[in-house]
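This briefing goes through one chain by topic, from its overall make-up to individual side chains. Please keep the sequence and the structure in view while reading.

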Amino acid sequence: MPEGESRYGYGVPPTPAGGTRPGVGAKDANPFSALFDFSFAKFATPGLIKIVYILSVVIAGGTWLLFVLAGFSADSVVDGTGAGIIALLFGWIPALFSIAVTRFLLEGIVAVIRIHDRVTEIAARDAGETQA
């Protein structure tokens, strides 16, 4: 298929020499500066989403570790080893579920922002075509 055509009949702009289309995948240099952008011209979420995901993985792993340590230090079942072994063998399941749910939610947020970027790009391109 020649460049500039798509299989759906819509014109696709050729990729510029830089390798990416304008507005697609563009990232703010500093996500914290976007926090104080009162015009909401920049999104803070794409830059902060990695931090949120890393924190969720660390918290889930730390919580699992705390449950394992608490299980081994408990006095209830055979000097605490039973609860510790159960926490060690099965405690990763809720931690993994928590990480997965967090990932799904964050991917949904990023998808909405990417849709916004693409729609903005299409609207700008269509506005340029109608003015020409």
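Leu-89 is a residue of helix H3, and with a relative accessible area of 49% it counts as partly exposed, because the exposed class begins only over 50%. The model in which Leu-89 is seen is a predicted one. Leu-89 also belongs to a nonpolar surface patch, which is taken up below after the overall description of the chain.

**Overall make-up**

- The chain contains 4 helices and 0 strands, so that, read from the N terminus, its elements follow the order α-α-α-α.
- Of the 132 residues in the chain, 17% are buried, and the chain exposes about 10000 Å², of which carbon and sulfur atoms supply 71%.
- When contacts between residues at least 6 apart in sequence are considered, 43% of them join residues that are at least 24 apart.

**The nonpolar patch**

- A nonpolar patch on the surface is formed by Phe-72, Ile-85, Ile-86, Leu-88, Leu-89, Phe-90, Trp-92, Ile-93 and Leu-96, and together these residues have about 870 Å² of accessible area.
- Helix H3, which spans 81–90, and helix H4, which spans 92–131, each supply at least two residues of this patch, and the largest share, 5 residues, comes from H3.
- Leu-89 can be a member of the patch because its relative accessible area of 49% satisfies the requirement of over 30% that applies to patch residues.

**Charged side chains and aromatic rings**

- The structure holds 1 salt bridge, in which Arg-103 is joined to Glu-107 with the closest N and O atoms 2.8 Å apart.
- Both partners, Arg-103 and Glu-107, belong to helix H4, where they are 4 residues apart, or about one turn of the helix.
- Neither end of the bridge is classed as buried, because that class requires a relative accessible area under 20%, whereas Arg-103 is partly exposed at 38% and Glu-107 is partly exposed at 40%.
- Arg-103 has a further partner in Tyr-53, since it lies over the face of that residue at 5.1 Å from the ring centre.
- Where aromatic rings are concerned, the count of aromatic pairs comes to 0.

**Helix H2 and residues further along the chain**

- Ser-56 is placed in helix H2, which covers residues 45–73, and Ser-56 counts as buried because its relative accessibility of 12% falls under the limit of 20%.
- Once its neighbours within four places in sequence are left aside, Ser-56 is in contact with Ile-99 and Thr-102.
- Ile-54 is likewise found in helix H2, but this residue is exposed, because its relative accessible area of 53% is over the 50% limit.
- The C-alpha atoms of Ile-54 and Ile-99 are separated by 9.7 Å, although the two residues are 45 residues apart along the chain.
- Ser-98 has its place in helix H4 and is partly exposed, with a relative accessible area of 35%.
- Between the C-alpha atoms of Ser-98 and Ile-59, which are 39 residues apart along the chain, the separation is 9.7 Å.

Key. Residues numbered from 1 in each chain as written. Predicted model: local features only at pLDDT ≥ 70, side-chain atom pairs only at ≥ 80, totals over all residues. Heavy atoms only, no water. Patch = residues over 30% accessible without salt bridge, like charges linked within 9 Å, V, L, I, M, F, W, Y side chains within 5 Å. Areas by Shrake-Rupley, 256 points an atom, 1.4 Å probe, with all protein chains shown as cover. Salt bridge = Lys/Arg side-chain N within 4 Å of Asp/Glu carboxyl O. Buried < 20%, exposed > 50% of the residue type's maximum accessible area, 1.4 Å probe, protein only. Phe/Tyr/Trp six-rings, centres within 6.5 Å; stacked < 30°, edge-to-face > 60°. Lys NZ or Arg CZ within 6 Å of the ring centre and 35° of its normal. Contact = heavy atoms within 4.5 Å.
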